[in-house]
Structures are given as structure tokens and as C-alpha cells.
Amino acid sequence: MSCPPADLKKKSDELLFKWWTYLKSPEFEPFVEFAVCLSSFSDFLQNLGLSGLHQLAHQLEQKVLTLFDEVDRHQMSVDALNDLCNQIESLGSRITQFIDSNTRPMAQRRETQDTAPARSLNSTQRVWFIGNSASSWRALMTQLAYFGIQAEPHPWKEVPCKAEEPSILLLDTHDMALATACEHIKALRTRFAASKLLVYTQQAAFNSVKAMLRAGCDFCFAAATPQSTILARIIELCSNEEEPPYRVLVVEDSLTASKSIQRTLKQSGIESFAVANPAEVLNGLRQFQPDLVLMDMYMPDCTGVEATRIIRQHAEFLSTPVVYLSGDGDMALQVDALRLGGDHFLTKPFNPVLLNAVVKSKIERYRALRHSMENDGLTGLFNHRTIKEKLNAVIDEASTSGKQITVAMIDIDKFKAVNDSYGHSTGDQVIRSLAWLLKQRLRKTDLVGRYGGEEFLVILPNSDFNQAFEILNRIRADFSRIRHTFEERGFTSTFSAGVSHFPSTRNAETLINEADQMLYDAKLGGRNCVLTRG
């Protein structure tokens, strides 16, 4: 669990308070407050990876949204009210059970894990492989251990009854009928509130996958899926990378409307900054760096469309989503607004749940687009262009602050021989393995990119030669222990690294060239080493 149980309880209590407020005063406004809080809570659970709890919250959210019209007329039936109460009580009960199981003293929790090996007690991420063919998953479980993920095999009839929830359950149902597989999925989904349920199945047809997703699983792998693909998915789910909060620039001349919009966004954890004068929109974009602009359509001396056309004159803001807000429902106006640079149109008074949903969906797509432009498709690391831009930015900051920077160029040793002996797909897996290890072992403040081929550029802000050597040499040793699989065989790989230093070297290009020269010297010196001038 990536957030303290106290935080989950606080969010849950907020939701219950909103519901009790509505029950005491069953009017439309308190119901809207509850719906917005529920939508935010559902997103909160999803972002934490609490899959079972999120599914329950999402089902409740869908029920609440279907009742909006009824509540608006203040005519919610007794049956509908009782149904909501039951669902809320069920969700609250599951949350309480989950919090209780994660707040017991560690010694007490360990007593229930008599079937798990002692080393798993110190693991932050655990995966259970549930199935009757554990031997076929042995290589994958070994691979996971290299990345700090503890894997435990359990036959279907011996799934531990009392144990802490693992991060992921991989269910091997390849030899089961669809109905039997769905029964198992439902039973495990009922029991595990947080775990992601991944299913390995022969039932890969559309309707079969639909049935398993309905039963409660999160993802299905067809039986022909390479284990390297499954490995990548598990590592991705266990990465726990924290995404920064969504940011919205509100362009609205009415102070009352602006405050209402910002309040709605805040309830969903979205940060916002407001400008009343559209002439300040470019300054707001540069200073606040938002993921999206909420633009009022009509403002004094400037329409939202005119402001958006000015925004689109600047290359850095070409892809920033703009959502219009207007009390005018004229279809021709909306079409024209979208043609002239907008991305969506909402009419006032807006439904706050819909507003947050539109904002989040647009930002998700915007960030996905930005990620594809800035990151390498194979490894997920920064690409060549982005990592060089990041280095320039870090140098600019260090020039002002006086802090040190070390830069490392890393290259996988004898990589051509890996491709020639095992094929390019296996070579790609070796590259991904090093990328995963770097992301996992480096500090949050460090930056890493795929510089090209099997080369990586690492930026270590506020560190000297000794610190850089210690960090990189530890990663080098760990990487050399990873046993990569190919058919029935296995092999290991190593890397060499060269390190340069700022302010000893003053600009990005020279830092990279010096690190590259040190890397060359490391290769000549026998490979599988980290070389610095310190």
C-alpha cells in the first residue's frame, strides 16, 4: 500500500461525512457535494492501485450519477436511498477491514504468514502466482527478485487464508473452463481489496475477456504472451511512481465563478491558478505551467476564442488543452470555437462531476502525448533530446545555486554479441532490465535517459565523484547478477560507465564528451567498471 492507512481513513471519513450531510438535508446541493467527493475518492483509490476498493467505489459512483435527475427534483425513492446506503456501508466495511489488516503490529501480521518464506517479510512488493504449474513460472519469479519484487507460488487449493495482501495476484487459468475461471476471479476479488488481479488464460476471445473483466480481474494475458511482456507489466505496476498533481489555469473574469471552479477542482485534488484578465493568460501559462486551460467564452474586450488563438501562436502551448466554459448553448458557436483551437465545450451552469471528469480525461491524454514525445518507447526513460534538455536545465539551476552535478555515460558491454547470440528481442529485454534497475535504484532527484542504442545518460544533481561512484558501482554490481533468460538457457550481462563533474566542466556538451571519454577508458581497462577522474 503506497499511502498510510491513516490517509485512506481520512478520505473515507470525508466521504461518509458528505453522505451524512445529505441525509440530514436531502437537497440537490449536498448531493452534488457527495457526488464530487465520491468521484475524487474513486480516483484516489485507483491512483493508489487499490483495485478491489476502486471497483466498489466506481460501481457506487455510477449508481450516484444515474440518480442526478431524481435528486434534482428531490424525488429520490426510498428503495434508491436504501440501495445507496447499503452500497456505502459495504464499501465502508471493506475499507475498515483493509485498514485493520494493514495497521496491526508487524509481529502480529508475521504470525499469520506461516506459509511465506522469511525473506518476504522485508519485501515492499509481493506477487502471488496462483496456479498448478509453478515450474513454468520459475524463470519469471527469479527475474522479479532482481528488481526487489518477492514472488510466491501457491497452488489453487493452497492459497493462504490469512496473510497480508500482495501487490499483484497472477492467476494461471490456462487449463480452466471460462465459468470456473470467472468463479475463482470473483472469489479472489471479494477477498482482496487492494491487489491487482492479472489473469493468464487460453480464453482470449472478446466475450471471454469481457466476462473475466466483469468478474473482477484487471488485465488478461493470452496464453501466447511472452513472459518478458508479463514481467514488464508487473514491474510497471510495482513501480509506484508518483505523478505530480494535475494543474489547471482558470481564465475567468467573474471572481465568483472563478472561486466556484477552483473549489470544484480542489475537491478532486487538482491544483489551479486563476487569471481574471485574458491579457495575462500567457504569463499564467509560463509561470504556472498548467496541464489544461479552462477558458471563459465571454470576457470584456476579449472572447475565449480570441485568447485561445493567441495561445496557439506560441509553439510551447500548441498542445495544451483548452476547455471552454459558456452559458451560451449555441451549437454553431461551439463548433466554431472548437475549430479555432479549443478541445472541449462545457455549458454553464456546469455539472461539477462532469467538469472534473472532462478535465482529468483531457489532462491524461495530454500527459500521455507529452510522455510519448519526451520518452523512449522501449525503456520509458527520457529520450535523447529530452535528457540533454534536462541536463541544460540542471546546469542553469546549479550555476545559480552553486551546487555540484555529476554526469555518467553508461554502455552495456559487448551488446552486439548479445544481439548476435540471442536475437534483438532478447537484447531489448537486457536494455529494459538496465532501465528498470536505474529507475528503481537512483534517487528521485536523479535523471536518466536512453542516449542511444545501449547507451544511457545519468544526471546526479547535488553529488560529487565519490557519491556518484558509490551509487553507480552498486547498480553495476546488481546488474551483473541479473540472469537473463533465453529459451532454456540463461546468461548475464555487464555495463561500463564514465563520470564527469560540474563545475569542473562548465557546459552540457563538454560534460557529456568528458563522461564519454571516461567510458571509453573504462572499456579499454577491461569493462564492467565505473571510471571517474575523482
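## Exercises on a predicted model

The buried residues of helix α11 are S258, I261, Q262, T264 and L265. They cover an arc of only 160° around the axis, so they lie on the same side of α11. Keep in mind that this is a predicted model. With that starting point, let's work through some exercises.

**Exercise 1. Work out what span helix α11 should have, and compare it with the model.**

Solution.
- Step 1: α11 holds 13 residues, running from 255 to 267.
- Step 2: The expected span is 1.5 Å times one less than the number of residues, so α11 should span 18 Å.
- Step 3: The end C-alpha atoms of α11 are 18 Å apart, which agrees.

**Exercise 2. Find the exposed residues of α11, and the elements that its buried residues pack against.**

Solution.
- Step 1: Recall the general rule: an α-helix has 3.6 residues a turn, so residues three or four places apart point the same way.
- Step 2: Look at the side of α11 away from the buried residues: L255, T256, K259 and K266 are exposed there.
- Step 3: Turn to the buried residues of α11. They pack against two helices and several strands, including α2 (28-48), α15 (352-374), β6 (247-251) and β7 (271-275). Also on the list are β8 (292-296) and β11 (322-326).
- Step 4: Continue along the chain past the helix: α11 is followed by G269, whose phi is positive, near 75°.

**Exercise 3. Trace the open sheet of five strands, then look at the pairing of β13 with β15.**

Solution.
- Step 1: Write down the order, β14-β15-β13-β18-β19, and note that the pairing is mixed.
- Step 2: Mark the edges. These are β14 (447-452) and β19 (530-531), each of which pairs on one side only.
- Step 3: Zoom in on β13 (residues 405-412) and β15 (residues 455-461): they run antiparallel and are joined by seven bridges.
- Step 4: Pick out one bridge as a check: T406 has L460 in β15 as its partner.

**Exercise 4. Check the radius of gyration of the protein chain against that of a compact globule.**

Solution.
- Step 1: For 534 residues, a compact globule would have a radius of gyration near 24 Å.
- Step 2: The protein chain has 27 Å, which agrees.
- Step 3: Add the box: the C-alpha atoms fill roughly 80 × 65 × 45 Å along the principal axes.
- Step 4: Add burial: 47% of the 534 residues are buried.
- Step 5: Finish with the contacts. Among those between residues at least 6 apart in sequence, 68% join residues at least 24 apart.

Conventions
Residues are numbered from 1 along each chain as its sequence is written. This is a predicted model: local features need pLDDT of at least 70, side-chain atom pairs count only at pLDDT 80 or more; totals for chains, interfaces and linings use all residues. Side-chain values use heavy atoms; hydrogens and water are left out. Helices (H or I, at least four residues) and strands (E, at least two) are DSSP runs, numbered from the N terminus. Buried means under 20% relative accessible area, exposed over 50%, partly exposed in between (1.4 Å probe, protein chains only). The arc is that of the directions from the helix axis to the C-beta atoms. Contact means heavy atoms within 4.5 Å. The radius of gyration is taken over C-alpha atoms; the globule rule is 2.2 Å times the number of residues to the power 0.38. Two strands pair if DSSP finds at least two bridges between them.
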